[in-house]
Number of protein chains: 2
Amino acid sequence: MSPEPNLSDPTPSDSSSTPTVNLEAMGRRARAASRRLATLGSAEKNRALLAIADALLERRESILEANATDIEAARQQGMSESLLDRLRLDAARLESLAEDVRQVAELEDPVGEELGSRLLPNGLRLSRRRIPLGVVAAIYEARPNVTVDIAALCLKTGNATLLRGGKETVHSNRALRAAIAAALEAQGLPAAAVQSLDDPDRRWVSELLRLDRWVDMLVPRGGAGLHRLCREQATIPVITGGIGICHLFLDEDADFDRAVDIVENAKVQRPSVCNALDTLLVHREALEHLAPIAQRLRSRGVELRADDEALGALRGAGIEAVAAGPEDFDQEWLSLILGIRVVSGLEEAIEHVQEHSTEHSDGILTTSLERARSFVDQVQSAAVYVNASTRFTDGGAFGLGAEVAVSTQKLHARGPMGLKELTTYKWIGWGDGHIRS
Amino acid sequence: MSPEPNLSDPTPSDSSSTPTVNLEAMGRRARAASRRLATLGSAEKNRALLAIADALLERRESILEANATDIEAARQQGMSESLLDRLRLDAARLESLAEDVRQVAELEDPVGEELGSRLLPNGLRLSRRRIPLGVVAAIYEARPNVTVDIAALCLKTGNATLLRGGKETVHSNRALRAAIAAALEAQGLPAAAVQSLDDPDRRWVSELLRLDRWVDMLVPRGGAGLHRLCREQATIPVITGGIGICHLFLDEDADFDRAVDIVENAKVQRPSVCNALDTLLVHREALEHLAPIAQRLRSRGVELRADDEALGALRGAGIEAVAAGPEDFDQEWLSLILGIRVVSGLEEAIEHVQEHSTEHSDGILTTSLERARSFVDQVQSAAVYVNASTRFTDGGAFGLGAEVAVSTQKLHARGPMGLKELTTYKWIGWGDGHIRS
């Protein structure tokens, strides 16, 4: 959701170290482990999850020690406080991480469900059974909680994982993975079900992207550069997402009081995430209602970048704003900045969204049923809202119980991906000597 | 399903022709057309399909003339009779193609269905609505019927298409697309809903593969080389599939009489397609029952490539067979050849399948419920059969009404892809001033 430092540069580092990683072998082991995981019942998988939660707490000291090493090194490298905060583990965070794993154990297991079972006219019994994807690879930032999070969700759904976290979190990830491995082995499960790629050399990322023989799905969790890199170089099917240029359209007959709260919430409640608001489109006939919204935003420290018409209205009302450049409407701000543009009506608003949205989360604020319907029908974003904040696009808020990623592509899954999106299906045909005529 | 000649070589031809194609513009037009198609109701789409069927017949003469030009050129280039047959159109085939389009109009339209609508605890009404993918690109062989087929299925589901058929079918495709365009325009729909890339220069394929800004899904229909090329080079999400190394395992207590018919059907009924049998695995305890199966296959002209143990048994029974090389168990034969290998039991059979299958279609012939269940649980192929021919893996046979492709990847769809697999979904949240706390 925020940029992965430098990962958009796939050039191998010129480290002269000899290879310490055999990715091909890791892939093979992951595939073998995935075959074992695919045959487990929910009870076994849940036992393993609870054992992992226990192991995280039992190994608290070594994990926090490893994390302190990472923090110290990152601080010396000049990592910003906000990134350091994402990297940091402490006793309370570890406790909550273990609790998250226990929560995953509580979720319903989608694997094994049979869909659309039916008897074909020729007597062949046909159904589709939900099965794990197999091996899931994830590339993400220096956030040790993601390591545990993805491992747990994948284990729950019978998938093996190949994890590549940010290089600043190598020691933490090693310690976390050691805890996970110990718990898996104590349950008689293969430690290779969860593997992490700890060598910081960037060459392994490029290699990982081409491991399609062993990996079934790749989930990048990082900025636009990482997603682009994966799309360009990966031979593994990728889930692109997590980049949100999000819009709200303030219609001429919106409930303007509520609009103030919705726009504030969408922009301010957590500005650093992908479902935060980036651009407010204002119906020309609603321009007089922009001031109270803008005042609320200014009071929360939001910088306003307005097109000429909006700028005139704002300055006329004595509200500070700067002139937007054209590129300002193609920004995922991830910070307290908002683009504001005046449009002539619904049609122009939809055109703007179609041109500038990343198809993550876009909404309309209106009391007109007709225009609400038109907006919902014509905007094809992963999440489309009427009179609600864009901030709801989230596995937790949608009641999925968990979130692996937010997809903005069209294949496989869109929007928040929960446990079901970590599965695929196979067709099963039970015959009795059936041949095709 | 069978190899695309040379398409695995992506080198641009050294033709010095100036660019005749603006793919970027084609992509942009396709996207614009897709937005229009996405708002159409089923009745409008069906009217357009019927108009296309009519136009194919009205323009019979120009289409058949164009096809004759292609046939003549292909014959001079030395195209084989079987490929010429796939390229050829005649009055009867055109009639049946038009009838296929009418059949598509009859199918149920999956677009617009709302899934899992529910009221969240906070009162936000959340649902997922099935919508078109947007723009679908297809790369396929010199088969003009595929042009019409994919265009019709995509139009039915509100998708625009960018079609790239084999270069030998350029004139036919132009004529077909002209008929489709005329029908679309007569219905007030954008002709850009169906575009074909007719310039035979291979450079356009490489460019098309990177058109992810405008294309949402790429469907290659061709041999392994084409699929590999797409996976390697495409930045568009690809549906990999259509390559089937298919297995049947003859268990020790199979119904051996029925097994003769099933193996014959799987191998002989249509050997050139992806769901035809490639390898027969024989339980050592069932080796004595191999002879009748092999005799039936020999009587149908099948060449048998057997491992040492099977070869001994076959020759002992006076049945002609050749010794299999190890690479013979990694072949999609697409012809009247069958690999035969003896295994020690279910476990070794499953291991062989896991190692050699392309996860297309694999089955077990047994009367043991326990082993049938084990096989079905452990083999993760797109289609898994018990006591049935592998030949059933097909949109028609599965009752999907249509087939776009057969996927063997894990993302998005597996096995035969019908109309639903040409759709995705968006989340819709209807609120009343909802903000996230």
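What rotation, and what shift along its axis, superposes chain A on chain B? The views below start there and then move into one sheet of this predicted model.

**View 1. How the two copies are related.** A rotation of 180 degrees with 0.0 Å of shift along its axis brings chain A onto chain B, with an RMSD of 0.0 Å; the superposition is a least-squares fit on the C-alpha atoms of residues with pLDDT of at least 70 in both. The two copies are thus related as by a two-fold rotation axis. Look for A:H412: in chain A, its C-alpha is the nearest to the axis, 1.8 Å away.

**View 2. The open sheet of chain A.** Here 4 strands pair in parallel in the order β5-β4-β3-β6. Strands are DSSP runs of E with at least two residues, and helices are runs of H or I with at least four, numbered from the N terminus; two strands pair if DSSP finds at least two bridges between them. β5 (194-196) and β6 (217-221) of chain A stand at the edges with a single partner strand each, so one side of each has no neighbour in the sheet.

**View 3. Where β3 meets β6.** In chain A, β3 (residues 135-140) runs parallel to β6 and is joined to it by 5 bridges. In one of these strands, β6(A), A:L218 is the bridge partner of A:A137.

**Notes.** Residues are numbered from 1 along each chain as its sequence is written, and chains are lettered from A and ligands numbered from 1 in the order in which they are written. Local features need pLDDT of at least 70, side-chain atom pairs count only at pLDDT 80 or more, totals for chains, interfaces and linings use all residues, and side-chain values use heavy atoms, with hydrogens and water left out.
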